[in-house]
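The following report walks through a two-chain model, moving from single backbone features to the contacts between the chains. It is meant to be read beside the sequence and the coordinates.

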Amino acid sequence: MNTRHVGPAHGAHEGGHARRIPRADALSSRLTVTAVAGLLGILAIGQLRAQSGAPALAGLSATDLTQLIANLTTGNDELRAEVADLEGQQTHLTEARDRGETTVDSLSSDLARIRAWAGLSPVTGQGIAIVVRGQIGGDGIEDLLNELRNAGAEAITVDGVRIVTGVVVAGAAGALSVENHAIGDAFEIRAIGSPQILTGTLTRTGGVIAQLLATYPGTQLTVAPVEQQTFPATDRSLVPSHGQPRL
Amino acid sequence: MTAIVVWLRALPKIQVTFAVALLVLGFLITAQVTGEKPRAQYSTQERAPLIQTVLDLQTQQEAFKARILELRRQIGDLEAQDPGAAESLRQLYADLEDARLAAGLIAISGPGLAFRLEDGTTGAGVDALVSAQDVRILLRELWLAGAEAIDINGERVASTSAVIDIGGSILVNSAYLAPPYEIRAIGPPDLYDRLRSSVAFVDFVQGRIERNGMSLSVAPLASVDLDAYAGTVNLRYASPAASGPP
């Protein structure tokens, strides 16, 4: 067999036929191996990082990134306000405890706020009313509710039923229901929040209402601001029966 | 065969090392290139500072959320240590704990399942990418099947949570989530059986997932751990009302 052998630089023998190679060749081989190993290492690290769940920001366009920045900025402003509110609450509780006072007022206020936010108690406020006429599927209504939440709706009702975690408007067009309550072909969706932001988000060009009107031709969706409206509490028990608090 | 073995043995070690290294190199380059598809790559110069801004905002968001969870825990501890400890106060505290549990402000564990929703194979086009609508359908089906609590890639779904598209990925609670999406739910032990008996769920799997080469895997679990919702519960426009509408 006429095979050319390239042995290691230190002249180890391969089957007794290896030859000693010149020092310059050996150095060149070592440098090549080092370079290949280095490149291999960089690529391996890159691959591992890419697979470690890092956000796929590389796949976003400049427009998407700008939209993402706007969303993150708004979200962070809300979180900052929440932190400030909780820090104030903590300070108040600490001072009350140091003075030996009870914290009934603070507990009651916190309870009322959480119950209202979760839908466990009635709420009142300004917002919008959307009158829906015609046949539309549950998927379409859920898309509308998702957009309302995205626009900052703090409470929502569909045909008078409070929408809370786990409540779904389901059914085909003409057979909608929510919480075992049948919905007719004409009903109202109401939301509490900024009337301007809610209306603007829903009715913008190419927005959810435009999409729904294209998907469900013949349906009418009319949005109007409401100065004051009151929503009932949910009838649903939201305390988990299968899940337990994690200590 | 013997000739091949002899030939391989006769090869110098350095050549074998090179061959293996180049093979791995080729594999890694292929994996790197295919891993970036089908979500498009953009190379305009203005993107670098935008990406850095997003990363900074995400870091800030994580810090805020961690701080919120820590403050809520500390406030809960302070409320529990109230010096009065009268029956009325104990009842108030118990009501508060129930409300927090109902609102998703407390981490919980329980039986349930975990879904993993992934994009289709490379080259299948935009229809093979998981969209916010796909995630919302899955959430809806889980709620209808009796799920009590759900999270998406660790983001707890609350009454105000929206799931929206952003450039082929999604935003949940203003958090940017990239695929694959892991959707975990706590519910009755037969949650998956209930889900499978839903016509809408079967249509979703057959008509959307399978048709477009996407992947949806499920694992029923004896115990699922869900973190608490770490977003805001402040109300700006709504306020508690004395009673509901007449």
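Where is the place of Asp159(A) in chain A? Asp159(A) sits in the loop between strand 2 (155-158) and strand 3 (161-162) of chain A. The model is a predicted one, and the backbone values discussed here should be read with that in mind.

**Backbone features**

The phi of Asp159(A) is near 50 degrees, a positive value in a residue other than glycine. Asn153(B) likewise is not a glycine and has a positive phi, of about 45 degrees, and its place is the loop between strand 2 (149-152) and strand 3 (155-156) of chain B. As background, most residues other than glycine have a negative phi, and most peptide bonds are trans. Asp159(A) counts as partly exposed because 19 other C-beta atoms lie within 10 Å, where 20 or more would make a residue buried. Asn153(B) is also partly exposed, with 18 C-beta neighbours inside 10 Å.

Positive phi values are also found at two glycines, Gly100(A) just after helix 2 of chain A and Gly167(B) in the hairpin of strand 4 and strand 5 of chain B. The table collects these residues.

| Residue | Phi | Place |
|---|---|---|
| Asp159(A) | near 50 degrees | loop between strand 2 and strand 3 of chain A |
| Asn153(B) | about 45 degrees | loop between strand 2 and strand 3 of chain B |
| Gly100(A) | about 75 degrees | just after helix 2 of chain A |
| Gly167(B) | near 55 degrees | hairpin of strand 4 and strand 5 of chain B |

A further backbone feature concerns the peptide bond from Pro179(B) to Pro180(B), which is cis, with omega near 0 degrees. Pro180(B) belongs to the loop between strand 6 and strand 7 (181-186) of chain B.

**Chain A and its helix 2**

Chain A holds six helices and nine strands, and 34% of its 247 residues are buried. Of the contacts in chain A between residues at least 6 apart in sequence, 71% join residues that are at least 24 apart.

Helix 2 of chain A covers residues 62-98, which is 37 residues, and at 1.5 Å a residue it should span 54 Å; because its end C-alpha atoms are 53 Å apart, the model agrees with that expectation. The buried residues of this helix include the leucines Leu65(A), Leu68(A), Leu72(A) and Leu79(A), and among them are also Asp64(A), Glu82(A) and Gln89(A). Within chain A, the buried residues of helix 2 pack against helix 3 (104-118), and in chain B they pack against helix 3 (47-80), strand 4 (163-166) and strand 6 (175-177).

**Strand pairing within each chain**

Three strands of chain A form an open sheet in the order 4-5-6, with antiparallel pairing. Strand 4 (169-170) and strand 6 (181-182) of chain A stand at the edges, and each has a single partner strand, so one side of each is left without a neighbour in the sheet. Strand 5 (residues 177-178) of chain A pairs with strand 6 of chain A over two bridges, and there Ser177(A) stands opposite Ala182(A).

In chain B, strand 4 and strand 5 (residues 169-172) run antiparallel and are joined by four bridges, with Ile170(B) as the bridge partner of Asp165(B). Two residues lie between the strands of this hairpin.

**Where the chains meet**

How many residues of chain A are in contact with chain B? The contact involves 103 residues of chain A and 102 residues of chain B. Helix 2 of chain A gives the largest share of the chain A side, 27 residues. The chain A side divides into 49 nonpolar, 39 polar and 15 charged residues.

The chains also share strand pairing, since strand 9 of chain A and strand 1 (residues 108-118) of chain B pair in the antiparallel sense over two bridges. In this pairing Gln244(A) has Ser109(B) as its bridge partner.

The largest nonpolar core has 103 residues, of which Ala118(A), Val135(B), Ile183(B) and Ala185(B) touch the most other members. Setting aside residues up to four places away in sequence, Ala118(A) touches Val164(A) and Leu238(A) as well as Ala99(B), Ala102(B), Ala103(B) and Ser159(B).

**Domains of chain B**

The domain assignment divides chain B into domain 1 (57-103) and domain 2 (108-226), and the C-alpha centres of these two domains lie 29 Å apart.

Methods. Residues are numbered from 1 along each chain as its sequence is written. Chains are lettered from A and ligands numbered from 1 in the order in which they are written. This is a predicted model: local features need pLDDT of at least 70, side-chain atom pairs count only at pLDDT 80 or more; totals for chains, interfaces and linings use all residues. A nonpolar core is a set of buried Ala, Val, Leu, Ile, Met, Phe, Trp, Tyr and Cys residues joined through C-beta atoms within 7 Å. A residue is buried if 20 or more other C-beta atoms lie within 10 Å of its own, exposed if 12 or fewer, and partly exposed in between; C-beta atoms are placed from the backbone. Two residues are in contact if their C-beta atoms, placed from the backbone, lie within 7 Å. The expected span of a helix is 1.5 Å times one less than its number of residues. Two strands pair if DSSP finds at least two bridges between them. Domain bounds come from an automatic or database domain assignment. Ala, Val, Leu, Ile, Met, Phe, Trp, Tyr, Cys and Pro count as nonpolar, Asp, Glu, Lys and Arg as charged, and the others, Gly among them, as polar.
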